[in-house]
Amino acid sequence: MSSESYTCLTCQVSFKDCDLQRQHHKSDWHWYNLKRKVVSLPPLNPEEFRAKVIEQKQLEADTNLVHQYYCNTCKKKFNSQNTFNTHLRSKKHVQITTPDNAGDYVVVSSESLTEKERERAESVEKECASEVDSEIEEEDFEGWQ
């Protein structure tokens with residue numbers, strides 16, 4: 001038997017035999033360190049990698065909470081923010097929206113929304129409110145003629 005040591009230069013570890021090295025090269029830890037190497041970051045040791053995995057799983061669990069969006073104006077329920085935003089921009093929704101009910105919708109589990117999702121929902125709400133205001137101004141203006 002050879003006294004050679006098999007190594008992984010990316011993860012900076014050595015192995016007793018080539019089978020262990022091959023198994024290591026298929027591991028998530030090795031692939032993660034390869035990605036870090038590409039962007040000139042140092043490799044993580046196994047404990048640091050496990051901590052990152054646990055942290056990422058917790059983050060995913062927190063962001064995968066079910067969100068439901070409900071438009072009180074149209075009496076419709078939506079399971080995704082994209083569908084809800086599309087609805088807010090829809091011609092039918094804009095036509096039946098008045099200044100009194102312009103922001104009349106409910107987001108269930110809003111505490112689980114990311115900052116980006118909140119900003120997107122607020123920008124869509126402002127956009128819809130301005131569209132409603134411009135349509136009302138156009139109608140009022142046409143009525144004066």
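Helices here are DSSP runs of H or I, at least four residues long, numbered from the N terminus. By that rule, histidine 87 sits in helix H4, residues 81–89. Keep that helix in mind. One caveat before we go on: this is a predicted model.

Let me start with the whole chain. It has 145 residues, and 25% of them count as buried. There are six helices and five strands. Reading from the N terminus, the order is β-β-α-α-α-β-β-α-α-β-α. On the surface, the chain exposes about 10,700 Å². Carbon and sulfur atoms supply 52% of that area. Now contacts. Take the pairs at least 6 apart in sequence: 39% of those contacts join residues at least 24 apart.

Back to H4. Which residues of H4 are buried? Gln81, Phe84, Asn85, His87 and Leu88. They span an arc of only 155° around the axis, so they sit on the same side of H4. On the other side, Asn82 and Thr86 are exposed.

Histidine 87 belongs to the buried set. Why does histidine 87 count as buried? Because its relative accessibility is 8%, and the cut-off for buried is under 20%. What does histidine 87 touch, beyond its neighbours within four places in sequence? Cys71, Cys74, Lys76, Phe78 and His93.

Some of those names come back in the core. The largest nonpolar core has six residues: Tyr69, Cys71, Cys74, Phe78, Phe84 and Leu88. Strand E3, residues 68–71, supplies at least two of them, and H4 also supplies at least two. There is a second, separate core of five residues. Its members include Cys8, Cys11, Phe15 and Phe49. As background, nonpolar side chains in soluble globular proteins tend to be buried together.

Next, the cysteines. How many disulfides does the count give? Zero. Take cysteine 8. Its closest cysteine sulfur belongs to cysteine 11, at 3.8 Å, and that is too far for a bond. The cut-off is 2.5 Å between the sulfur atoms. Turn it around: cysteine 11 is in no disulfide either, with the sulfur of cysteine 8 as its nearest, 3.8 Å away. Buried or exposed? Cysteine 8 counts as buried, at 3% relative accessibility. Cysteine 11 counts as buried too, at 5%.

Now threonine 10. Where is it in the fold? In the loop between strand E1, residues 6–8, and strand E2, residues 13–15. Threonine 10 counts as buried because its relative accessibility is 11%. Set aside residues up to four places away in sequence, and threonine 10 touches His30, Asn33, Leu34, Lys37 and Pro43.

That brings us to helix H2, residues 28–38. Its buried residues are Trp29, His30, Asn33 and Arg36. Looking down the axis of H2, they fall within an arc of 120°, so they line one face of the helix. Two of them, His30 and Asn33, are among the contacts of threonine 10. Across the helix, Asp28, Lys35 and Val38 are exposed. Just after H2, serine 40 takes a positive phi of about 60°.

One more residue in H2: tyrosine 32. Why is tyrosine 32 called partly exposed? Because its relative accessible area is 27%, and the partly exposed range runs between the buried limit of 20% and the exposed limit of 50%. Leaving aside neighbours within four places in sequence, tyrosine 32 contacts Leu44, Phe49 and Lys52. Phe49 is also a member of the second core. How do tyrosine 32 and threonine 10 relate in space? They are 22 residues apart in sequence, and their C-alpha atoms are 9.9 Å apart.

Last item: charges. Side chains of opposite charge can pair when their charged atoms come close. How many salt bridges does the structure hold? One. It joins aspartate 19 and arginine 22, with the closest N and O atoms 3.1 Å apart. Both are in helix H1, residues 18–25. They are three residues apart there, so about one helical turn separates them.

To recap. H4 and strand E3 both feed the largest core. H2 has its buried residues on one face. The disulfide count is zero, and the salt-bridge count is one. That is the tour.

How values were computed
Residues numbered from 1 in each chain as written. Predicted model: local features only at pLDDT ≥ 70, side-chain atom pairs only at ≥ 80, totals over all residues. Heavy atoms only, no water. Buried < 20%, exposed > 50% of the residue type's maximum accessible area, 1.4 Å probe, protein only. Contact = heavy atoms within 4.5 Å. Arc of directions from axis to C-beta. Core = buried A, V, L, I, M, F, W, Y, C linked by side-chain atoms within 4.5 Å. Areas by Shrake-Rupley, 256 points an atom, 1.4 Å probe, with all protein chains shown as cover. Salt bridge = Lys/Arg side-chain N within 4 Å of Asp/Glu carboxyl O.
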